[in-house]
Amino acid sequence: LADALRTNSTLQFLNLWKNSISNVGASAMADALRVNSTLQRLDLDHNSISDAGALALGDALRINSTLQELFLSNNKISSAAKKEVEQVLKDREQRRKGAEQAAMVVDHALSGRFSDAADILPRCSFRGLQAAQTELIKHLSAQGVPSLQLDTIDADSVPSERGMAGALALTTNVPEASFDYRSRLRNAGLSDDDAVLLACCLRLNTSCRRLRLTNATIAVGKSNAVGLKGAEALATALAHNTTLEELSMS
């Protein structure tokens with residue numbers, strides 16, 4: 001049955017309730033789950049599976065992204081092993097949500113809705129942030145937004161693009177970064193949304209030690225300035241970033 005599950009592409013629910021399945025059978029099912037991409041529910045209640053079999057299934061679920069429900073009640077599984085498997089399922093669900101949020105960020109950003117993208121970014125998981133960054137870097141590079149290898153952003157960039165490019169530049173391996181948030185085209189400083197984007201990149205960055213933000217001030221309620229949302233995002237990022245030694249905002 002486990003061998004068949006490896007290649008089956010239609011089965012979505014498999015009920016093996018009360019089939020005297022041992023750890024050997026559970027391990028075989030785990031191996032099948034590593035390659036199966038259609039099964040959504042697996043019922044292994046009332047069998048003879050102990051910790052070894054349960055943990056094998058848990059390890060398989062770190063790879064499998066399709067199975068949504070796994071039933072293991074009335075087996076010989078300790079509470080510790082049960083919690084470990086439950087944690088794997090919880091972590092996987094968080095990754096799934098993070099991927100969904102990253103997809104929304106990319107969709108908003110590619111449509112020019114940078115404010116909407118900035119609202120979602122703080123809720124993204126770390127993996128989600130990385131996925132969003134990868135897609136946005138590709139897009140902005142294709143659109144000719146200032147090179148991500150430079151540590152100074154073109155002063156003529158529009159605010160949303162300038163903020164995005166500045167944030168993405170922080171993912172490169174530069175020890176110092178300096179961004180001047182002035183524009184000859186419009187009177188624009190570092191906005192709340194720009195600050196959120198910078199904050200998200202600070203969580204990913206592991207090389208920048210000094211960051212200077214010119215024409216970037218914190219002034220709640222004032223336009224073209226970092227407000228409460230941006231300030232909170234930067235504070236949260238600094239709590240996670242262990243590389244940055246100096247942050248200057250003036």
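Is Arg62 exposed, partly exposed or buried? Arg62 counts as partly exposed, because its relative accessibility is 45%. The class limits are under 20% relative accessible area for buried, over 50% for exposed, and partly exposed in between (1.4 Å probe, protein chains only).

The model is predicted: local features need pLDDT of at least 70, side-chain atom pairs count only at pLDDT 80 or more, and totals for chains, interfaces and linings use all residues. Residues are numbered from 1 along each chain as its sequence is written, and side-chain values use heavy atoms, with hydrogens and water left out.

**Exercise 1. Find the salt-bridge partner of Arg62 and classify that partner.**

Step 1. Apply the criterion: a side-chain nitrogen of Lys or Arg within 4 Å of a carboxyl oxygen of Asp or Glu.
Step 2. The partner is Asp59, with the closest N and O atoms 3.3 Å apart.
Step 3. Asp59 counts as partly exposed, at 36% relative accessibility.
Step 4. Place the pair in context: the whole structure holds five salt bridges.

**Exercise 2. Set the salt bridge of Asp3 beside that of Glu69.**

Step 1. Asp3 pairs with Arg6, and their closest N and O atoms are 3.8 Å apart.
Step 2. Both residues sit in helix 1, three residues apart, about one turn of the helix. Helices are DSSP runs (H or I, at least four residues) and strands are too (E, at least two), numbered from the N terminus.
Step 3. Asp3 is exposed at 59% relative accessibility. Arg6 is partly exposed at 37%.
Step 4. Glu69 meets Arg41 at 3.0 Å, N to O. This pair links distant parts of the chain, with Glu69 in strand 3 and Arg41 in strand 2, 28 residues apart.
Step 5. Glu69 is partly exposed, with a relative accessible area of 35%. Arg41 is partly exposed as well, at 33%.

**Exercise 3. Lay out the sheet that contains strands 1, 2 and 3.**

Step 1. The sheet is open, its order is 1-2-3, and the pairing is parallel. Two strands pair if DSSP finds at least two bridges between them.
Step 2. Strand 1 (13-15) and strand 3 (69-71) are the edges; each has a single partner strand, so one side of each lacks a neighbour in the sheet.
Step 3. Strand 1 and strand 2 (residues 41-43) are joined by three bridges. Leu14 has Leu42 of strand 2 as its bridge partner.

**Exercise 4. Identify the buried side of helix 2 and what covers it.**

Step 1. In helix 2 (residues 23-33), the buried residues are Ala26, Met29, Ala30, Ala32 and Leu33.
Step 2. These residues lie on the same side of helix 2, because they cover an arc of only 160° around the axis. The arc is that of the directions from the helix axis to the C-beta atoms.
Step 3. Their cover includes helix 1 (2-7), strand 1, strand 2 and helix 3 (51-61).

**Exercise 5. Sort the faces of strand 5 and name its partner strand.**

Step 1. Leu211 and Leu213 form the covered face of strand 5 (residues 210-214). Arg210, Arg212 and Thr214 form the uncovered face.
Step 2. Strand 5 runs parallel to strand 6 (residues 246-249), and four bridges join them.
Step 3. Ser248 in strand 6 stands opposite Arg212.

**Exercise 6. Judge the confidence of the model.**

Step 1. pLDDT is the predictor's confidence in each residue, from 0 to 100.
Step 2. The protein chain has a mean pLDDT of 76, and 63% of its residues reach 70 or more.
Step 3. Over residues 145-159, pLDDT stays under 50. Over residues 183-187, pLDDT also stays under 50.

Conventions: Contact = heavy atoms within 4.5 Å.
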